Amino acid sequence: MKIIKDGAYLYNQTEIKEDSQVSKDEAKKGTLAWSILHAHSESPDDEKLKIRFDKLTSHDITYVGIIQTARASGLTEFPVPYVLTNCHNSLCAVGGTINEDDHMFGLSAAKKYGGIYVPPHQAVIHQYAREMLAECGAMILGSDSHTRYGALGTMAMGEGGPELVKQLLKRTYDIDMPRVVLVYLKGELPFGVGPQDIAIALIGEVFSSGFVKNAVLEFAGPGVKNLTMDERIGVDVMTTETTCLSSIWITDEKTEEYFAIHKRPEAYKQLSPKDEAYYDGVIEIDLSELRPMIAMPFHPSNAFTIADFKANMKDIIDETEKRAQEAFSGRVTLGLSEKVRGKDFLVDQGIIAGCAGGSFENLTDAADILRGKYIGNGGFTLSVYPASVPVYMELVKNGCAADILQTGAILKTAFCGPCFGAGDTPSDKGFSIRHSTRNFPNREGSKVQEGQISSVALMDARSIAATAANGGILTGADELDGISFSRPKYFFDSAIYENRVFDGYKKADQNEELILGPNIKDWPVMSPLPENLFLRVVSEIHDPVTTTDELIPSGETSSYRSNPIRLSEFALSRKDPGYVARAKEVKKAQDALLNGDCAGEALPPLREAVHAVKKVFPDVDHDNFGVGSVVFAIKPGDGSAREQAASCQKVLGGWANIAKEYATKRYRSNLINWGMLPFITGEEEDKLSFGLGDFIFVPGIRKAVSEKKEAIKAFVIKEGSSELQEIKLSLGSLTDDEIEIILDGCLINYYRREA
């Protein structure tokens, strides 16, 4: 894999050069990304985009909050096709009736506001979007981080719920024109190498450097034609893990055939960059050099070839165990060394599932490998989740389902649970290999806070099948002899969708009543930004990167995403169990202010901080300051788009985050949309002047935000001290709308004020 960081030109889709007679500014307009983004932008400024998306998608742990927020902000009808899928809480196994209550809310909302409702078990969100929504040259916004349909010519982005609310209220998605990085593919894949192998190799190469952070990845080059559509899609969905903003691919006759098979030939058009196109960077991948990969815990970028892992097991296992000790503060051990048997590594579980693993081709190739084999009667298990009922039906019709079941594996319905820790949790110290999207800590469902730990490695479906066929001994698909892939033709049957999916687009009926189960709650009242602000540090996270899973866990919390008060009790529960109690103590002071009571009585340490501040700022009093909590983290927000990573902090009285940088645009946007200040500190981690329990006073914060001040003066009051220590904070670039949202206290307040 070759990286060109300084930018380059692509000539006729075949040749990469460093210079051209065409100006860089003009050649930038030759990319697919530029043309699609600007076709959807309402801004006259080429660098400040205001995007309107063609379609929206959500699933059942995001759409309730989105619709509730939009309702509170004046929603009357969905202005574009909005698909509500039910692939996350579809088991309805936790929380009594509340998961199915959410589904009934979704169906009633589709009827009332004119949406499209896909019942549980029919399709995972992204498979339905590929089959029924994607179009060449279109743009789709989804409330799931893996919203990626670039292989089908659709530029798609995953964002927190408030960004979908803006679209529902006919507002725009405002971003600076992103960098565009070319992923230039050449060569052909060797036998046994699949899309997850390409993806893991790519993520491993670029994630840690931040080279593609918030960029658009544009796939082109002669190697594209050597990939099937399922292979392209399998790579594309994983681009989220590089931290890029979106992706787009050139299209060809294989793309055209995909749309024809799915009975939407009109959705196809040829997309290709202009003869000379300039890219801000280039990643060149020779497909022929790739080999089966494994991403060890706890990130898809922790990448090795399976051959290298087996040759260096002790060193890699020792390093992984060391990371686990640091991440879990020594509370648990992974026990990976116990899996080593001579030169073999024993696996406890295999999973092929979801938007990344459950494709037709992944499963037919797996069936070819498994045919006539048995997984045995030991501890190893294999579960397979087709991505949609049409895929499942075709596997049944062509016999591949029988081949898989005959091995002792289990075929299950379309469900995203194994990706976020709500299905197939292994035993304590268990090791699971999965063709799914993430292997963050606890993504497999274990609970470190209760002394349980199991772990996930990401692999391609073919190598998972090879491992299963070998009785659970880790095996790369390239190690197999006498195997060929039959690649049966796929026939898409749309009848199940025609009979089961409710399509109410442009048929909104305001007479329909929303069905509100007892767990579906409105958002609590949130205050506007005060003139001056006291922040108390209630959590410090010094990990290099903090995921949204650590800010608000998935799995056990999924049933409470419709109840912001109940959900907030889980905030940081896996990373900092004392956070919620500390945040609530601070919130008492703000509640006292709102009630006209003494904040210092509600939070005694605040009294001393206020006295210290008044010596320097005598005009500060209860009428012009607010009190809130703040979380410090080095680089928060990697991973999921879930807005609750921010909104739970807000519900608990949070007013800000302070970070060295934010891992993704998604998380920073979520903070802003919930009225929280996304501070960046210029201080180095080992020289931070504040810590847990300290107060940070930010004078004139409301004025500083409204005036777009680049540097914001703040003062640290150490716990037990009356001295003020000056520090500098910044907010980075904010749009005019983002400024108003922060000033109003949250997106809901912003829209209510406008109304």
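Here are some short exercises with worked solutions on the pockets, salt bridges and one helix of this predicted model.

**Exercise 1. Describe the largest pocket: its volume, the residues closest to its centre, and the elements that line it.**

Step 1. Start with the space: the largest pocket holds about 760 Å³.

Step 2. Now look towards the middle. There are 29 lining residues, and Ile175, Asp176, Lys665, Arg668 and Ser733 are the closest to the centre.

Step 3. Trace the lining back to secondary structure. At least two lining residues each come from strand S4 (48–51), strand S10 (173–176), helix H25 (665–673) and helix H27 (736–744).

Step 4. Sort the lining by character: 13 residues are charged, nine are nonpolar and seven are polar.

**Exercise 2. Do the same for the second largest pocket, and find which helix gives the largest share of its lining.**

Step 1. The volume here is about 600 Å³.

Step 2. Its lining has 19 residues, with Phe298, His299, Arg323, Pro544 and Val545 the closest to the centre.

Step 3. Helix H11 (residues 313–327) gives the largest share of this lining, with three residues.

Step 4. By character, the lining splits into seven nonpolar, six polar and six charged residues.

**Exercise 3. Work out where the salt bridge between Lys166 and Glu163 sits, and whether its two residues are buried or exposed.**

Step 1. Recall the general idea: side chains of opposite charge can pair when their charged atoms come close.

Step 2. Check the distance. In the bridge between Lys166 and Glu163, N and O are 3.1 Å apart, and a salt bridge needs them within 4 Å.

Step 3. Place the pair. Helix H6 (residues 161–168) carries both Lys166 and Glu163, three residues apart, or about one turn of the helix.

Step 4. Judge the burial, for which the cut-off is under 20% relative accessible area. Lys166 is buried because its relative accessibility is 9%, and Glu163 is buried because its value is 4%.

**Exercise 4. Compare two further salt bridges, Glu241 with Arg438 and Lys397 with Asp493, by distance, location and exposure.**

Step 1. Take Glu241 and Arg438, whose closest N and O atoms are 2.9 Å apart. Glu241 is in the loop between helix H8 (229–236) and strand S13 (246–249), and Arg438 is in the loop between strand S23 (431–435) and strand S24 (455–458), so this pair ties together parts 197 residues apart in sequence.

Step 2. Check their exposure. Glu241 is buried, at 1% relative accessibility, and so is Arg438, at 2%.

Step 3. Turn to Lys397 and Asp493, with 3.7 Å between their closest N and O atoms. This pair also links distant parts of the chain, 96 residues apart: Lys397 belongs to helix H14 (residues 389–398), and Asp493 to the loop between helix H17 (461–469) and helix H18 (495–500).

Step 4. Check exposure again. Lys397 is exposed, with a relative accessible area of 58%, while Asp493 is partly exposed at 25%.

**Exercise 5. Find which residues are joined into one network by salt bridges that share partners.**

Step 1. Begin with the full search, which gives 40 salt bridges in the whole structure.

Step 2. Follow the shared partners: Glu231, Glu361, Asp365, Asp460, Arg462 and Arg487 form one network.

**Exercise 6. Decide how many residues of helix H5 are buried, and name them.**

Step 1. Helix H5 (residues 125–132) has eight residues, of which seven are buried, and the helix is mostly covered.

Step 2. The buried residues are Ile125, His126, Gln127, Tyr128, Ala129, Arg130 and Glu131.

Key:
Residues are numbered from 1 along each chain as its sequence is written. This is a predicted model: local features need pLDDT of at least 70, side-chain atom pairs count only at pLDDT 80 or more; totals for chains, interfaces and linings use all residues. Side-chain values use heavy atoms; hydrogens and water are left out. On a 1 Å grid over the protein atoms alone, a cavity is a set of points where a 1.4 Å probe fits but cannot get out, and a pocket is an open set with protein on both sides within 12 Å along at least five of seven lines; lining residues have an atom within 4 Å of a point. Grid points are joined across faces, edges and corners, and a volume is the space filled by probe spheres set on the points. Helices (H or I, at least four residues) and strands (E, at least two) are DSSP runs, numbered from the N terminus. Ala, Val, Leu, Ile, Met, Phe, Trp, Tyr, Cys and Pro count as nonpolar, Asp, Glu, Lys and Arg as charged, and the others, Gly among them, as polar. A salt bridge is a side-chain nitrogen of Lys or Arg within 4 Å of a carboxyl oxygen of Asp or Glu. Buried means under 20% relative accessible area, exposed over 50%, partly exposed in between (1.4 Å probe, protein chains only).
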